[in-house]
Amino acid sequence: MELGPHAAFIWASYGVNALVLGALIAWLVADGRLQQRRLDQLEARGVRRRSSAAQAGPGRRTS
Amino acid sequence: MQTLTQRLANPTRFMELSQWLLPWLSGLAALLLAYGLYLTFFVAPPDYQQGETVKIMFIHVPAAWLAMMGYMVIAVSSFGLLVFRHPLADVSAKAAAPIGAAFTLLALVTGALWGKPMWGAYWVWDARLTSVLILFFLYLGLMALRSALDEDPALAGKLTAVLGLVGVAVLPVIRFSVDWWNTLHQPASVLRVGGPAIHSSILVPLLVMAAGFTLMFFALHLKAMRNEILRRRVRSLTMAEVERAARLEARTAE
C-alpha cells in the first residue's frame with residue numbers, strides 16, 4: 001500500500017486513534033469487572049440491595 | 001403511558017436493556033469500522049489537493065463531530081438532572097465526560113498530524129482549533145470538579161451539571177467559528193447548506209467511518225453508564241455494611 005510522502009503522518013494518526021480508543025475500551029472493561037467483583041464480594045458477605053432482597057422473597061435478610 | 005426516558009428511569013431496567021443492547025451496538029460498530037477502514041485504505045482515491053493525507057480526515061472528522069456530540073450528551077443530561085431530576089441523568093453526564101474528552105483529544109491530535117504536511121504547522125491559534133482546545137479543557141474541568149467533590153456525589157452532580165450547561169455555549173462557537181472569523185481551518189464541507197462539497201468517492205468512506213465511530217461512542221457510553229451504576233451500588237452497599245457494623249458494635253457495647 002503506497003501512501004505517498006506523508007505516510008508517517010497517516011500511520012501516526014491511525015496509531016494514536018487505535019491507542020486512545022484501545023485504552024478507553026480497556027479501562028471501561030477493567031472498571032466494569034472491578035465494580036462487578038466488588039459488588040459480588042459485598043453480596044457474598046450478606047449485604048443485599050433492597051430490590052434483590054425483595055425478589056428473594058420473605059425470610060431473607062435485608063440490608 | 002410512560003415515555004422511553006421514564007421507563008429507563010429505573011436503573012435495574014436500564015441495566016437489563018443495556019446488557020442486551022451493548023453486544024449488538026458494539027458488533028455493529030466493529031463491522032462498520034472494519035468496512036470503513038477497508039474503504040479508506042483500499043477503495044478511496046487520493047484527494048486532488050491533499051493526496052493520500054485525506055485518509056486522516058476519515059478519522060479526524062468523525063472524532064471532531066463526536067467531541068461535540070459528547071458535550072451535547074453532557075448538556076442534555078445536565079438539563080435532565082437539574083430540571084427533571086432524572087435518576088440516570090447524572091450517571092449519563094458523568095459517563096460521557098471521559099469519552100468526549102478522548103474524542104476531542106483525537107480530533108486535536110489527528111488535526112495536528114494533518115496540519116503539518118498540509119499547512120506546514122502542527123498548530124495555529126485559529127478560531128476553530130482554539131475553540132476545540134477550550135472544549136477539551138472544559139471536559140477536563142468537568143472531570144476535575146467531580147473528582148474534587150468525590151465525598152459528596154450529589155453536590156458534585158449538581159455543580160458539574162451547572163458547569164456543563166454553562167459550557168454548552170462553546171458548541172455554536174466551534175460550529176460557526178469558520179464562518180464568523182477568517183480561519184485557516186476550512187469551512188464546513190459535509191453538513192452545509194447546498195449539500196456536501198465532497199465527491200462521493202471520499203464522502204462515502206467518511207460517512208461509513210462516522211457511522212461506525214458514532215455507534216462506538218454510544219456503545220462506550222452505555223458501558224460507562226453501566227459501570228457507574230455498579231459503582232453507585234457498591235458505594236451504597238458499602239455504606240449499608242458500615243452502618244450495620246456500627247449498629248452491631250453499639251448493641252454489643254450496651
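**Helix α2 of chain B and its surroundings**

At the start of α2(B), the backbone nitrogen of B:Thr12 has a side-chain oxygen of B:Asn10 within 2.9 Å. The model is predicted, and the values below are computed from it.

Helix α2 of chain B covers residues 11-43, a run of 33 residues. At 1.5 Å a residue, a helix of this length should span 48 Å, and the end C-alpha atoms lie 44 Å apart, which agrees. The axis of α2(B) has a kink of about 30° at B:Leu21, and the proline B:Pro23 follows shortly after.

The buried residues of α2(B) begin with B:Phe14, B:Met15, B:Ser18 and B:Leu22. They continue with B:Leu25, B:Ala29, B:Leu33 and B:Gly36, and end with B:Leu39, B:Thr40 and B:Phe41. The cover over these buried residues includes elements from both chains: α1 (7-44) of chain A, and α3 (54-84) and α8 (200-253) of chain B.

The contact between the chains involves 34 residues from chain A and 39 residues from chain B. The size of an interface is often expressed as the accessible area lost when the parts come together. Between chain A and chain B the buried area is about 3,300 Å², and carbon and sulfur atoms contribute 75% of that area. Polar contacts between chain A and chain B amount to 4 residue pairs, counted where both residues have pLDDT 80 or more. The count of salt bridges between the two chains is 2. In a salt bridge, the side chain of B:Glu241 meets that of A:Arg45, with an N to O distance of 2.6 Å.

Chain B as a whole contains 8 helices and 0 strands, giving the pattern α-α-α-α-α-α-α-α along the sequence. Its C-alpha trace spans about 85 × 35 × 35 Å along the principal axes. Of the 254 residues in chain B, 46% are buried. Among contacts in chain B between residues at least 6 apart in sequence, 76% join residues at least 24 apart.

The backbone at B:Arg85 was also examined. This residue lies in the loop that links α3 and α4 (89-119) of chain B. Most residues other than glycine have a negative phi. B:Arg85 is not a glycine, yet its phi is positive, at about 50°. With a relative accessible area of 60%, which is over the 50% cut-off, B:Arg85 counts as exposed.

Terms used: Residues numbered from 1 in each chain as written. Chains lettered and ligands numbered in written order. Predicted model: local features only at pLDDT ≥ 70, side-chain atom pairs only at ≥ 80, totals over all residues. Heavy atoms only, no water. Helix = DSSP H or I, 4+ residues; strand = E, 2+ residues; numbered from the N terminus. Expected span 1.5 Å × (residues − 1). Bend = angle between axes of the 7 residues up to and from the residue. Buried < 20%, exposed > 50% of the residue type's maximum accessible area, 1.4 Å probe, protein only. Contact = heavy atoms within 4.5 Å. Polar contact = N/O pair within 3.5 Å; in protein donor to acceptor, adjacent residues only side chain to side chain. Buried area = accessible area lost by both parts, 1.4 Å probe. Salt bridge = Lys/Arg side-chain N within 4 Å of Asp/Glu carboxyl O.
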